[in-house]
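Please open the model in your viewer and keep the sequence panel beside it. The tour below proceeds by selections, with a short account of what to look for at each stop.

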Amino acid sequence: MLNYTLRRLLMVIPTLLILVVFAFYLMRLAPGGPFTSERPLPPAVMANVLERYGMDEPLHVQLWTYIRNILCCFDFGPSFAQKDRTVNDVIAQGFPVTLTYGFWSAVFVLLLGIPLGIVAALKHNGFWDYTMTGLAIFSQIFPNFVLAPILVLLFTLSWGLLPGGGWNGGQWQYVVMPAIALGTSYMASVARLTRGSMLEVLGSPYIRTARAKGLPERTVILRHALKPALLPTLTYMGPVFVYMITGSVFVDVFFSTGGIGQDFIDGAYSRDYSILLGLAILYAVLTFALTLMVDLLYAWIDPKVRAGLS
Amino acid sequence: MLSVETLRIRFRTGDGLVHAVNDVSFRVGAGEKLAIVGESGSGKSQMALAVMGLLAKNAEAEGRVLWEGRDLLTLPPAEMNRIRAREIAIVFQDPMSSLNPYMRIERQLTEIVEQHEGLGRAAARARALEVMDAVRIPEARARLRAYPHELSGGMHQRIVIAMALMCRPKLILADEPTTALDVTVQAQIMQLLSEVQRDLGTSVVLITHDLGVVAGFCEEVIVLYGGRIMEQAATLPLFERPAHPYTRGLLRAVPNVEDPADELIAIPGSPPSQRAFPTRCPFAPRCVDAIESCRLTLPELTGGRACLRPVEELT
């Protein structure tokens with residue numbers, strides 16, 4: 001198992017390298033650059049600016065400098081569009097924000113989605129099942145840009161319970177609505193996924209065996225059915241969790257939370273190459289980490305997978 | 001001990017009712033071994049599930065299943081749970097899928113006695129080892145740590161039988177215990193069941209489609225067709241002088257090793273649709289000896305056979 005983990009970690013290095021090279025060249029294929037504007041800069045000024053950011057060198061030299069700086073000093077370079085800020089600054093400021101509301105959003109998704117799915121499966125074709133399925137479909141077709149204004153309308157404007165935006169260092173009142181707006185449709189998916197897999201597990205022969213042992217239904221569900229029923233949800237949540245903690249553009253813009261979702265979009269508009277590249281690397285590393293975690297959790301739950309790993 | 005009285009099992013399906021078991025009655029006394037024989041779809045497994053209270057949600061059971069005077073069909077779930085595994089245990093058809101693949105063998109065995117006898121881990125473990133020994137599982141201690149996928153099919157079935165024996169039940173329902181196994185392993189498992197039965201004095205209801213398995217094991221046989229009892233008799237007479245044309249057909253479809261020239265004769269046609277409660281002999285459409293009245297009336301079980309033209313009257 002340890003062996004497997006180390007092998008997976010080693011594979012991160014070449015993969016990241018490929019990612020960096022591809023992203024580096026692809027971005028520069030896009031028309032324009034960080035310093036193009038409607039009124040072109042005088043050629044002398046442009047040359048100065050390019051030289052200051054090292055963009056007068058050939059591309060492969062720029063790439064090499066970029067990689068070298070990362071390896072030696074963990075330096076992802078200056079932002080091209082945001083004056084006097086480095087990529088490290090931008091991520092250090094924005095990532096904790098999205099990490100916070102993304103994490104709580106994931107907690108909301110799991111704590112609500114899984115029990116809802118289980119209850120629906122246990123009351124298969126009953127009142128709670130239909131209610132849950134209805135709710136799930138409702139929130140899945142309800143995009144967050146519709147849900148968020150409604151939340152603000154109710155919680156901020158009508159009842160005055162929660163602030164309608166801002167971050168304020170991540171006080172809980174500021175986290176609640178971004179987390180809910182971001183998570184609701186995922187929560188619905190998790191509920192439906194859990195319901196489906198729980199129904200399948202409950203119909204399996206080994207659950208019948210467990211019942212034939214005279215175990216109370218609670219024990220049958222918790223001891224025998226829960227683990228296998230959660231496997232599809234686990235697979236689903238890996239990439240979704242990455243998506244959540246790296247934030248959503250919409251949430252950042254709508255609630256003015258100042259997370260990196262906003263930075264990504266700004267960076268794309270202003271051709272801020274270093275920000276885009278830095279964020280791409282962050283997403284990649286998180287994706288690696290989360291998929292590895294999901295695989296290890298899988299191995300922990302399923303002995304067959306575990307046997308395959310060692 | 002167990003007395004099944006006019007048991008009917010129906011399933012509500014998308015295309016209407018399916019009558020799986022129709023007015024079946026039988027009794028099993030202490031230490032007795034009864035075989036229920038029938039082809040697939042004859043309702044034999046559903047009867048076992050009905051006794052255990054494990055019928056699917058879309059099933060309805062009528063009649064009575066009396067266990068030491070109490071009707072299992074109307075027993076509240078908590079009381080039913082006290083009978084399951086402790087008094088009546090079941091060995092399921094497919095051992096490979098009957099074990100929980102995510103749980104160690106140890107837990108799957110010990111949880112039974114922890115539940116029913118309140119034993120602690122250590123005592124439960126000791127019982128598990130004892131029972132595994134009884135069903136001849138070698139290296140039992142190491143097997144306790146194993147997961148199901150690490151064991152062979154025959155070993156699975158031994159574990160499943162060990163599960164059934166954990167609380168020394170009074171009755172074991174063995175639902176096609178050997179169907180999923182290799183022929184050589186089948187013989188070992190049957191041998192094992194019969195030894196266990198002899199040693200513990202447990203009653204056994206053996207549900208099977210394989211008459212060969214029945215011959216050496218059970219004293220009494222019920223032949224089921226279309227959810228009704230066709231014939232009920234002691235094993236030897238049944239094999240020597242089958243009274244019902246269906247029983248005769250079944251016996252003819254079993255190969256005879258001693259006589260290679262013996263031709264296998266299949267029963268023509270296929271099992272009946274069970275959309276309606278039978279109003280005539282369910283076997284009549286496939287029966288070569290059927291007469292007009294077979295197609296009009298439903299023969300009652302009298303003298304051990306439900307047939308208007310039993311074999312001995314034909315000659």
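Two strands are taken to pair if DSSP finds at least two bridges between them. With that criterion in hand, select strand S3 of chain B, residues 33–37, together with strand S8 of chain B, residues 203–208: the two pair in the parallel sense over 5 bridges. Within this pairing, B:Leu34 stands opposite B:Val205 in S8(B). Now add strand S9 of chain B, residues 220–225, which also pairs with S3(B) in the parallel sense, here over 4 bridges; the bridge partner of B:Val37 in S9(B) is B:Val223.

Before going further, bear in mind that this is a predicted model. Colouring by confidence is a sensible check, and for chain B the average pLDDT is 88, with 98% of the residues scoring at least 70. For the complex, the predictor gives an ipTM of 0.89 and a pTM of 0.84.

Stay with S3(B) and show its side chains. Is this strand enclosed or open to its surroundings? Because 5 of the 5 residues of S3(B) are buried, the strand is largely enclosed by the rest of the structure. In a regular strand the side chains alternate between the two faces of the sheet. In S3(B) both faces are covered, with B:Lys33, B:Ala35 and B:Val37 buried on one side and B:Leu34 and B:Ile36 buried on the other.

Next, select the open sheet of chain B, whose 4 strands have the order S2-S1-S4-S5 with antiparallel pairing. Its edge strands are S2 and S5, the latter at residues 70–71 of chain B, and each of them pairs on one side only. Strand S1(B), residues 2–13, is joined to S2(B), residues 16–28, by 9 bridges, and the two run antiparallel. To follow this register, label B:Phe11, which stands opposite B:Val18 in S2(B), and then B:Val4, whose bridge partner in S2(B) is B:Phe26. The connection from S1(B) to S2(B) is a hairpin that passes through 2 residues. Turning to the pairing of S1(B) with S4(B), residues 59–67, you will find 8 bridges between antiparallel strands, with B:Arg10 standing opposite B:Glu60 in S4(B).

Now bring chain A into view and select the contact between the chains, to which chain B gives 22 residues and chain A gives 19 residues. On the chain B side, the elements that give two or more residues are helix H2 (77–83), helix H3 (95–98) and helix H4 (105–117). The largest share of that side, 4 residues, comes from H4(B). By class, the residues of chain B that touch chain A divide into 10 nonpolar, 7 polar and 5 charged.

Moving on to chain A itself, colour domain 1 (2–73) and domain 2 (93–309) separately. The centres of these two domains, taken over C-alpha atoms, are separated by 33 Å. Across the boundary, 14 residues of domain 1 are in contact with 13 residues of domain 2, and the side of domain 1 that touches domain 2 has 10 nonpolar, 3 polar and 1 charged residues.

The UniProt record, an unreviewed entry, annotates "transmembrane region" over several spans of chain A, including residues 9–27 and 233–255. Select residues 9–27, where the chain is 100% helix and 0% strand and the end C-alpha atoms are 27 Å apart. Then select residues 233–255, which are 87% helix and 0% strand, with end C-alpha atoms 29 Å apart. The unreviewed UniProt entry also lists "domain: ABC transmembrane type-1" for residues 95–294 of chain A; that span is 82% helix and 0% strand, and its end C-alpha atoms lie 22 Å apart.

Centre the view on A:Leu17, which is placed in helix H1 of chain A, residues 2–29. Is A:Leu17 buried or exposed? With 11 C-beta neighbours inside 10 Å, A:Leu17 counts as exposed, because the cut-off for exposed is 12 or fewer. Measuring from C-alpha to C-alpha, A:Leu17 and A:Leu161 are 48 Å apart in space and 144 residues apart in sequence.

For the last stop, select helix H11 of chain A, residues 260–269, whose buried residues are A:Ile260, A:Gly261, A:Gln262, A:Asp263, A:Phe264 and A:Gly267. These buried residues pack against helix H4 (87–122), helix H10 (249–255) and helix H12 (273–301) of chain A. Just after H11(A), look at the backbone of A:Arg271, which takes a positive phi of about 55°.

Methods
Residues numbered from 1 in each chain as written. Chains lettered and ligands numbered in written order. Predicted model: local features only at pLDDT ≥ 70, side-chain atom pairs only at ≥ 80, totals over all residues. pLDDT = per-residue confidence, 0-100. UniProt positions renumbered as here; feature names shortened; annotations may be inferred. Buried ≥ 20, exposed ≤ 12 C-beta atoms within 10 Å, placed from the backbone. Contact = placed C-beta atoms within 7 Å. Domains from an automatic or database assignment. Nonpolar A, V, L, I, M, F, W, Y, C, P; charged D, E, K, R; others polar.
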